[in-house]
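User: I am new to this structure and would like to learn how to read a few of its features. Where should we begin?

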Amino acid sequence: GKVKIYGDNIVYFECSSRVDGAQVLSLDVTKATTLKDLTANTNKLTAIDLTKNTELEKLTINNNQLTSIDISKCTKLTTLDITNNLLTAIDITKNQALQTLRIGQNKLTGDLDLSTNPALRNVYALNMELNSVKIGNNTASKPLFSLNNNKLTSIDASGIQDAGNATL
């Protein structure tokens, strides 16, 4: 069946499931334009439309079956956790406010370009097929980049301003 939730000015919404429980197949948040924090973990989501959620600051949507996601209109995002999905690509060039990025255990291959995300403080891009990472001009204090279990041949960290305190 369907579950409909009505309300004005919803700012926080969570729809998480247990691995052995009933899991949500689709989620429509297009009318929740004031949403700032969305959590939808451990479901069976294959797609989600976030083009109307321009106020979104935190998105946690791990352990699903997403093959793509468009967060280009979510320019206020500071935290993005899309770990353990089926993503083959991610475009975060419009998400310049990002401070935490968790994208591990997806199907990402090739290059990860973080050069348009100067505020990134925590990056977890584990267990994928990445060949290179470009960090760019990073202004975060003591940034942490966890890139374990990839096929990295190149990491360009020359733009980290607090390089003495960075962890790669």
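Analyst: Let us begin with a pocket, in what is a predicted model. The second largest pocket is lined by T88, A89, I90, D91, I92, T93, L108, T109, D111, L112, D113 and L130.

User: What volume does the second largest pocket have?

Analyst: Its volume is about 160 Å³.

User: How do I read the lining by class, and how many nonpolar, polar and charged residues does it have?

Analyst: Sort each lining residue into one of the three classes, then count. For the second largest pocket, the count is six nonpolar, three polar and three charged residues.

User: Which strand gives the most to this lining?

Analyst: Strand 6, residues 109–113, gives the most, with four residues.

User: How is a sheet described, and in what order do the strands stand in the sheet that has strand 6?

Analyst: A sheet is described by its strand order and by the direction of pairing. Here three strands form an open sheet in the order 6-8-10, and the pairing is parallel.

User: Which strands stand at the edges, and why is one side of each left without a neighbour?

Analyst: Strand 6 and strand 10 (154–156) are the edge strands; each has a single partner strand, so one side of each has no neighbour in the sheet. From one strand to the next, the twist averages 25°.

User: How many bridges join the strands in each pair?

Analyst: Strand 6 is joined to strand 8 (residues 129–134) by five bridges. Between strand 8 and strand 10 there are three bridges.

User: Which residues stand opposite each other?

Analyst: Take the residues by strand. From strand 6 to strand 8, D111 stands opposite S132, and L112 stands opposite V133. Going on to strand 10, V133 stands opposite I155. As a general idea, side chains in a regular strand alternate between the two faces of the sheet.

User: Now a residue in a loop. Where is V29 found, and is it buried or exposed?

Analyst: V29 is in the loop between strand 1 (12–14) and strand 2 (37–39). To judge burial, compare the relative accessible area with the cut-off: under 20% counts as buried. V29 has a relative accessible area of 6%, so V29 is buried.

User: Which residues does V29 touch, not counting residues up to four places away in sequence?

Analyst: On that count, V29 touches L35, L38, I48, D49, L50 and N53.

User: How far apart are V29 and S72 in sequence and in space?

Analyst: These are two separate readings. V29 and S72 are 43 residues apart in sequence, and 16 Å apart in space, C-alpha to C-alpha.

Note on methods:
Residues are numbered from 1 along each chain as its sequence is written. This is a predicted model: local features need pLDDT of at least 70, side-chain atom pairs count only at pLDDT 80 or more; totals for chains, interfaces and linings use all residues. Side-chain values use heavy atoms; hydrogens and water are left out. On a 1 Å grid over the protein atoms alone, a cavity is a set of points where a 1.4 Å probe fits but cannot get out, and a pocket is an open set with protein on both sides within 12 Å along at least five of seven lines; lining residues have an atom within 4 Å of a point. Grid points are joined across faces, edges and corners, and a volume is the space filled by probe spheres set on the points. Helices (H or I, at least four residues) and strands (E, at least two) are DSSP runs, numbered from the N terminus. Ala, Val, Leu, Ile, Met, Phe, Trp, Tyr, Cys and Pro count as nonpolar, Asp, Glu, Lys and Arg as charged, and the others, Gly among them, as polar. Two strands pair if DSSP finds at least two bridges between them. Axes are lines fitted to C-alpha atoms, for helices over the stretch in contact, and angles run from 0 to 180 degrees between N-to-C directions. Buried means under 20% relative accessible area, exposed over 50%, partly exposed in between (1.4 Å probe, protein chains only). Contact means heavy atoms within 4.5 Å.
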